[in-house]
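I opened the notebook with a short list of things to look up, and I am entering them in the order in which I went through them.

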Amino acid sequence: MKRTTKTTMNRYSGWLRRGVVLAALLSVLGVISACSDTQRTDNRAVYLLLDTSGTYTEELDKAQSLIAYLLGSLDSGDSMAVALIDGGSFTEKNIVAKVTFDDRPSVANGQKRAFKETLDEVLGGIERGAANTDITGGVIQGHDYLTETGAGQRYLFVFSDLEEDLQEGQIRDFPIDMSGVEVVALNVTKLRRDNIDPRDYAKRLEHWQGRVESGGGQWRVINDLERLGEMIQWR
Amino acid sequence: MFNQLLTLWSDSPALSLAIWLVILVVVLYLGRRHAHQLFRASGRAVHGAMRLWSRSIGQLESRLVARNRDVLLAMGRRSAEAAIERDFNRVHTIMERDLSRYPNLHRKIADAIEKIEADYQEASDAPPLPPAWSEVIETVSGLPGSSDPAVHKVLENIREVIEDAHKETLKLYQKSSRERHRILAGMQPQWRSLDQNLSQVKQTIDGLDERSKTIDEQMQEYAAIRAGEDKAVNSLTASSMTQFLIAGLVLAVALMGGLINFHLIAMPMSEMVGSNSYVGSMRISDVAALVIILLEVAMGVFLLESLRITHLFPIIGSMDDRMRRRMMIVSLTLLTILASIEASLAYMRDLLALDREALNQTLTGAAVVEAQFRWIPSIGQMVLGFILPFVLAFVAIPLESFIHSLRTVVGVMVVALLRGLRLVVRLVGGMANHLSKMLVHLYDMLIVVPLAIEQRVNRPRASERKADREDPPWDDSEDLEATKVVGVKP
């Protein structure tokens, strides 16, 4: 009887030991899986808004070098989209190209090549400027895209003179949500009327700065594209 | 609140403050005895507690020193035993290799000596000396000439025969001498062989002699370790420190090698496991590269363990030879596979760098330029990727020394730390004692005025009490008389 009890005890202790080992293994696996994160919060997402209105189409050459710079500096896992600003920018069709770079560097390089080719094609095909300029629509669209990516660092580059010219009936005079987004105005060219009254240029910048910052975003202006690498500092 | 208190006694803050000060001094004066007791008791308590601590730390230190000594002596004993065993094995090898052939050698030497002796004997058998034919010839020639032609002819014939016999004998003698010289010349290789064999024996004996001297020295060291002599302990400590430093240096070099290895494979690893997944703050690709390097090191450790070069895992060392050999083959195979993977990753890294370069050129609008002699760094990287794992495999040797010497070093450091702590505790205790005395004096300084009054009031009373305690004054005349009687000068 004693032997039986002892054997049973041994069996139970064996099961108990195995259970403890299994639990330890499972907890280690749990910790590892909890620690592993497929989408890191410091991934970058970039949304580039290109103004194609009026005479600003002449500036698109600069935009191409900007795109080349951005493509060169983004890594695997980062996202990028390029949209055109025209009469009604708050539509999906305004997004010319968008991509999230693959985990594998070689595939990401291929994606970058394809992206560049697509944009060269699209930008090369623009002959006539758009009649209107809906910057607010593009900015809202950009914010939505950047939020969807879930990236930790979100940049919205606006390549425009920041002069908004809306179509009849378009409502854009409302506060916009720009939380978590750094808006960088690039190559903000001066208009003819700015030459008459330079305060207009400053007012335009202040207006947009106010809208972005009141929406919870950050605002920067970079006009010297030659020194783009030094000026753009990723967080 | 403070202002209210300040003007409690008078509207003038100065006057009120003065009253407060007087009250404070009076209160302090009244509580003087208790305050002194408090300061002294606190000082003594802290001093006592610190002394207790110091004693406890001292005991702990003594125990640790004893433990360190035991550990060091145990390690030294093991090491000395291994060294002595190794030397005995060498002696055994010499005995087995050289002296097992000694009977054979002895036979060779004996044969050579026997042959030399025989040859000598053969050479020493003197050939028959030519008889004294010359005297006979001279005698025959000296015979008076006979007119008898027959007699003359007989004598002439006799002389010729004797001369011929003499020549023949001389020839035989010369031939025999030549033969003896030939035999003696033939003995030369035997002498050489004998000399060589004897030199070999001498070399073996000398080797054994040297080895025995080494064993003697080691036995002396071993005896000193067993006896636990201070000299042996100091020597072992110094040896451990040296080992620790050297092993640490080699490990640092290996670490740098590992770092280079890591950079060589971390980037291309993202092609295999992706570069956008993270464990904590580290990329999965970096973790994978690190794991590969650590696996290589582990395989190296197992390889050296199964070769019995290191003894980090006693279980591997105690395996039977067949199992150990299997383990050696498996670890070497895995190490080679990992090294091959690294070489391919290094090549991929080069390809990725090329692709990246080409992409940058494309993005900037420049024509893609084909780099010349690009194969040289490619091959260099591949070779480096293949070689480094094997180099890292040898890290087990310094690692073992480092781990073994670490015990001694940590022990010595902890003892030093405890010694320093004991000193600090004693200092704190002493300072607390002195501080309590200083506080007593400082307290008295604050109530110096009432104390001075008390002293002035108590002085006459004290002098009276003193006078009461003293005996009645001496009568000087009686003293003088007494001095005169005994004849002592006043």
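I began with polar contacts across the boundary between the chains, and in this predicted model I find 4 residue pairs in polar contact between chain B and chain A, with both residues of each pair at pLDDT 80 or more. I then asked which elements of chain B stand behind the side that touches chain A. I noted that α7 (230-273), β1 (278-279) and α10 (321-363) of chain B each supply at least two residues of that side, and that α10(B) gives the largest share, with 8 residues. By residue class, I sorted the side of chain B that touches chain A into 6 nonpolar, 9 polar and 3 charged residues.

I next looked up the salt bridges, of which I count 2 between chain B and chain A. I wrote down the one that Arg356(B) forms with Asp75(A), where the closest N and O atoms are 4.0 Å apart.

For the extent of the contact, I recorded 18 residues from chain B and 23 residues from chain A. The two chains bury about 1800 Å² between them, and 46% of that area is on carbon and sulfur atoms. I also noted that Asn276(B), Tyr278(B) and Leu363(B) supply 36% of the area that chain B buries against chain A, more than any other three residues.

My next entry concerns the cores. I see 31 residues in the largest nonpolar core, and the members that touch the most others are Leu48(A), Leu50(A), Met80(A), Phe159(A) and Leu186(A). Which elements give two or more residues to this core? I listed β2 (44-51), α2 (60-73), β3 (79-85), β4 (95-100), α3 (105-124), β5 (153-159) and β6 (181-186) of chain A, together with α10 of chain B, and I marked α2(A) as giving the most, with 7 residues.

I followed Phe159(A) further and, leaving out residues up to four places away in sequence, found that it touches residues including Leu48(A), Leu50(A), Tyr56(A), Ala63(A), Leu66(A), Leu186(A), Asn187(A) and Leu225(A). Apart from the largest core I entered another, of 26 residues, among them Ala45(A), Ile135(A), Trp208(A) and Trp219(A).

I then checked backbone angles, keeping in mind that most residues other than glycine have a negative phi. Leu162(A) is not a glycine, yet I read a positive phi of about 65 degrees for it; I placed Leu162(A) in the loop between β5 and β6 of chain A, and I count it as buried because its relative accessibility is 3%. Asn187(A), also not a glycine, has a positive phi of about 50 degrees and lies in the loop between β6 and α5 (192-196) of chain A. Is Asn187(A) buried or exposed? I entered Asn187(A) as buried, because its relative accessibility is 6%, under the 20% cut-off.

Finally I turned to chain B on its own, where I count 14 helices and 2 strands. Of its 490 residues, 28% count as buried, and among contacts in chain B with a separation of 6 or more, residues 24 or more positions apart account for 77%. As a single case I looked up Ser285(B), found in helix α8 (residues 284-306) of chain B, which I list as buried because its relative accessible area is 2%. Leaving aside neighbours within four places in sequence, I find Ser285(B) in contact with Ala266(B), Met269(B), Ser270(B), Val273(B), Gly274(B) and Ser275(B).

How values were computed: Residues are numbered from 1 along each chain as its sequence is written. Chains are lettered from A and ligands numbered from 1 in the order in which they are written. This is a predicted model: local features need pLDDT of at least 70, side-chain atom pairs count only at pLDDT 80 or more; totals for chains, interfaces and linings use all residues. Side-chain values use heavy atoms; hydrogens and water are left out. Contact means heavy atoms within 4.5 Å. Buried area is the accessible area (1.4 Å probe) that two parts lose on being put together, summed over both. A salt bridge is a side-chain nitrogen of Lys or Arg within 4 Å of a carboxyl oxygen of Asp or Glu. A polar contact is a pair of N or O atoms within 3.5 Å; within protein, one must be able to donate a hydrogen and the other to accept it, and residues adjacent in sequence count only if both atoms are side-chain atoms. Helices (H or I, at least four residues) and strands (E, at least two) are DSSP runs, numbered from the N terminus. Ala, Val, Leu, Ile, Met, Phe, Trp, Tyr, Cys and Pro count as nonpolar, Asp, Glu, Lys and Arg as charged, and the others, Gly among them, as polar. A nonpolar core is a set of buried Ala, Val, Leu, Ile, Met, Phe, Trp, Tyr and Cys residues joined through side-chain atoms within 4.5 Å. Buried means under 20% relative accessible area, exposed over 50%, partly exposed in between (1.4 Å probe, protein chains only).
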